[in-house]
Amino acid sequence: MRLSSIRGPALLMVLTLALAGGCAGASGADAPGGSRSDARSSPIPVVASTNVYGDIVEQIGGDRVEVVSIISDPAQDPHSYEASTQNRLALSKAKLVVENGGGYDDFVGRMLDSAKNSSPTVIDAVQVSGKAPKTGAQLNEHVWYDFPTMGKLADRIAAALAKTAPADADAFRHNAETFKEKLTRLEDQEQGIKEAHGGSAVAVTEPVPLYLTGASGLRNKTPADFSEAVEEGSDVSPQSLRQTLDLFARKQVTALVYNQQTSSPETEQVKKAAEDNGIPVVPVTETLPRGQDYLSWMTANVAALKHALDT
């Protein structure tokens, strides 16, 4: 019926009912900004210090999270990061922040302070690990190479996301369990290396992969002051360099695990010494290579280590 055919009070009644119906519709499930579906579709803003942790959050949160990884370029050295305005803005809005801790990514805490965001849950992977340095030694903060720690981290991330989005808690827990099952397969592969090559000696340019090599039953023969100097970007002493090069000349190690992300003239010398003496080189990185997720990356690392030792 057309409104033009209605007269007097009847027209008023129709208009009143139409307006009432429109208001009712606007206050229902499809109201902009007011519906459960709209609230649920709004992703949880998350900031991770590196794309390693960003990827793990995405595997657990799925389409319910929107993740910004501060460091995502495999060519970038995390130790020399400088804050950007874009990342500060992301931190100011984050509901969850995941950092490595242990002095590795102190820039996160500084940026959070300047962002004046006191509301996010902050997860520190080193704290989650429960690891502490041995007496007289430094803590190896590269805990993303420790699969049991990443399993604990997955549970913490699932719990933090569930606190923000309770309706999706079961999905987060399920995704965390799936992630941990895949980590268990990697631990089994480490155990296989240990059974075949346990006690074999390796060298490293930095402490980055030591949780992986240790879980695989391998001994690190690199002089501590060499790998520490490389990690800190300080000068390697001639004596330490000579001792490290001798490991390859004398065939005292079965592989070199080489951090591609922080090379120097000294590490290039060490890599060349390994190649010249027929010692396999296993390249590793600190952040995700392009086109890989955490699990595919670590699967490739374990496979490369096994292949080097089997050669």
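In the predicted model, helix 3 (residues 51-61) and helix 13 (residues 294-310) have axes that come within 9 Å and cross at roughly 125°. Helix 3 is therefore oblique to helix 13, since an angle counts as oblique when it falls outside the roughly parallel (under 35 degrees), roughly perpendicular (65 to 115) and roughly antiparallel (over 145) ranges. On the side of helix 3, the residues that meet helix 13 are V52, D55, I56 and Q59; their counterparts in helix 13 are Y294, L295 and W297. By class, the contact of helix 3 with helix 13 comprises five nonpolar residues, one polar residue and one charged residue.

Helix 3 also packs against helix 8 (residues 169-197), with an angle of about 125° and axes 7 Å apart. This angle makes helix 3 oblique to helix 8. Helix 3 contributes I56, Q59, I60 and G61 to the contact, while helix 8 contributes F172, N175, A176 and F179. Five nonpolar and three polar residues make up the contact of helix 3 with helix 8, and no charged residues take part. Both I56 and Q59 of helix 3 thus appear in the contact with helix 13 and in the contact with helix 8.

Two open sheets are described next. One open sheet consists of four strands in the order 2-1-3-4, and its pairing is parallel. Strand 2 (65-71) and strand 4 (121-124) form the edges, each pairing on one side only. From one strand to the next, the twist averages 15°. Within this sheet, strand 3 (residues 96-99) pairs with strand 4 in the parallel sense over four bridges, and V98 stands opposite I123 in strand 4.

Another open sheet, likewise of four strands, has the order 6-5-7-8 with parallel pairing. Its edge strands, each paired on one side only, are strand 6 (219-220) and strand 8 (281-284). Strand 5 (residues 201-204) is joined to strand 7 (residues 256-259) by parallel pairing over two bridges. In this pair of strands, A203 stands opposite L256 in strand 7. Helix 12 (residues 265-276) packs on the sheet and touches strand 7 and strand 8; the direction of helix 12 makes about 150° with that of strand 7.

Empty space in the model was also examined. The largest pocket holds about 640 Å³ of space. Its lining consists of 23 residues, and those that lie nearest the centre of the pocket are A137, Q138, N140, P207 and L210. Helix 9 (210-215) and helix 10 (224-232) each supply at least two residues of this lining. Helix 10 provides the largest share, with five residues. Sorted by class, the lining of the largest pocket contains nine nonpolar, nine polar and five charged residues. Charged residues are thus present in the lining of the largest pocket, whereas the contact of helix 3 with helix 8 has none.

Terms used: Residues are numbered from 1 along each chain as its sequence is written. This is a predicted model: local features need pLDDT of at least 70, side-chain atom pairs count only at pLDDT 80 or more; totals for chains, interfaces and linings use all residues. Side-chain values use heavy atoms; hydrogens and water are left out. On a 1 Å grid over the protein atoms alone, a cavity is a set of points where a 1.4 Å probe fits but cannot get out, and a pocket is an open set with protein on both sides within 12 Å along at least five of seven lines; lining residues have an atom within 4 Å of a point. Grid points are joined across faces, edges and corners, and a volume is the space filled by probe spheres set on the points. Ala, Val, Leu, Ile, Met, Phe, Trp, Tyr, Cys and Pro count as nonpolar, Asp, Glu, Lys and Arg as charged, and the others, Gly among them, as polar. Axes are lines fitted to C-alpha atoms, for helices over the stretch in contact, and angles run from 0 to 180 degrees between N-to-C directions. Contact means heavy atoms within 4.5 Å. Two strands pair if DSSP finds at least two bridges between them.
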